[in-house]
Amino acid sequence: MPRSLWKGTLSFGLVTIPVQLFSATESKNPSFNQLRESDHSRISYKRVAKADDEEVPYDEIVKGFEYARDHYVVFTKDELDALRPASSRSIEIEQFVPLEQIDPIYFDRTYYLAPDPTGAKAYALLAEAMSDGGSVAVCRITLRDKEYLATLRLLPGRPGARAADDEQNADPLFVLETMHWPDEIRAFDFSELDIDEIPEPRDKEVEMAKQLIASLTEDFDPTQHHDTYRERVLEAVEAKVEGQEVTVAEEAEQEAPVVDLMAALRQSVERAEERRKQAAS
């Protein structure tokens, strides 16, 4: 049984739904430990005070906010708990908005929001009301002492599930996606890169680029994409465990860049069409 990260209530007007939050994704990046070269002993880290290099026990550590360089105000756990918002135990839906109005740059992390057994009926009611998929709920939630703006949407399918599981996974499931606050989105200007103006492309170049996009356009199938770096690392790990010598493949020779933009687009279209023919055969 998966372990919930957060338990609380989802408020929809005067309707209160007991819910649980679960991680929807996991990182599978290869993880390496730091070892001492001579005997492969693990390297550990200690909490040390910068003033005297003395190790500090965990129960002697307090939290301080640096309001000026090397000047801090200290908070106790009770003081910080008193400052926590109401969203630390509840998710209140503030509004409904069209999903296309939210730029993906705002999205942070994805979670599954499932009902507590006592809230299953009210959960199903909200799911049915939002089943048209045209809008998402905007709400707030506090996770790990940080308050997030978030969206709540009904998941149309089950990513990663097999087709045979469709009937088993027919129950509605909400996805909650935490968001960055507007002032956390960095401004960006080409002038910072010494680019005064982006040149206007020629009509023929635009038409050829559109043709290339059309030739590369197809339905999204996530199973066609995989992490080649992770696969190579795991193969190398297995080889080393079995005592084999790990060989490093030589990098493929890079093709010379095509200076003519139209020529590059034309070659790209031809290659895309050739790949499509090979896939069809």
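1. Strand E7, residues 135-143, is joined to strand E8 by seven bridges, and the two strands run antiparallel. The model is a predicted one, and what follows should be read with that in mind. Across this pair, Arg140 stands opposite Leu149 in E8. E7 and E8 form a hairpin with two residues between the strands, and there Arg144 takes a positive phi near 50°. Most residues other than glycine have a negative phi.

2. E8 also pairs with E9, in the antiparallel sense, over six bridges. One facing pair here is Ala150 and Thr178, the latter in E9. E9, residues 174-179, is in turn joined by five bridges to strand E6, residues 107-115, and E6 and E9 run antiparallel. In E9, Met179 is the residue opposite Phe107.

3. These strands belong to a closed barrel. The barrel has seven strands, in the order E1-E2-E6-E9-E8-E7-E5, and its pairing is mixed. From one strand to the next the twist averages 40°. Helix H2, residues 120-129, packs on the sheet and touches E1 (6-12), E2 (15-23), E5 (90-98), E6, E8 and E9. The direction of H2 makes about 85° with that of E2. As background, strands of a sheet pair through backbone hydrogen bonds, either parallel or antiparallel.

4. For the chain as a whole, the secondary structure comes to five helices and nine strands. Along the sequence the pattern reads β-β-β-β-α-β-β-α-β-β-β-α-α-α. The chain has 281 residues, and 20% of them count as buried. Of the contacts between residues at least 6 apart in sequence, 66% join residues at least 24 apart.

5. Where does Gly13 lie? Gly13 is in the loop between E1 and E2. Gly13 has a relative accessible area of 65%, and is therefore classed as exposed, the cut-off being over 50%. Gly13 is also one partner in a pair separated along the chain: Gly13 and Ile93 are 80 residues apart in sequence, while their C-alpha atoms are 7.7 Å apart in space.

6. The loop between E2 and E3 deserves a look at the backbone. His40 is found in this loop, which leads to strand E3 at 63-68. Phi of His40 is near 60°, a positive value in a residue other than glycine. His40 is exposed, its relative accessible area being 57%. Asp53 is placed in the loop between E2 and E3 too, and the phi of Asp53 is likewise positive, near 60°. With a relative accessible area of 62%, Asp53 is exposed.

7. The largest pocket holds about 450 Å³ of space. Its lining has 17 residues, and those nearest the centre are Lys63, Thr76, Lys77, Leu80 and Asp145. Two elements give two or more residues to this lining, namely helix H1 (77-83) and strand E8 (146-154). H1 supplies four residues, the largest share of the lining.

8. What is the make-up of the lining of the largest pocket in nonpolar, polar and charged residues? The lining divides into eight charged, seven nonpolar and two polar residues. E8 thus has a place in several of the points above: E8 pairs with E7, pairs with E9, is touched by H2, and gives residues to the lining of the largest pocket.

How values were computed:
Residues numbered from 1 in each chain as written. Predicted model: local features only at pLDDT ≥ 70, side-chain atom pairs only at ≥ 80, totals over all residues. Heavy atoms only, no water. 1 Å grid on protein atoms, 1.4 Å probe; cavity = no way out; pocket = protein on both sides within 12 Å on 5 of 7 lines; lining within 4 Å. Points joined across faces, edges and corners; volume = space filled by probe spheres on them. Nonpolar A, V, L, I, M, F, W, Y, C, P; charged D, E, K, R; others polar. Pairing = 2+ DSSP bridges. Axes fitted to C-alpha atoms, helices over the stretch in contact; angles between N-to-C directions. Contact = heavy atoms within 4.5 Å. Buried < 20%, exposed > 50% of the residue type's maximum accessible area, 1.4 Å probe, protein only.
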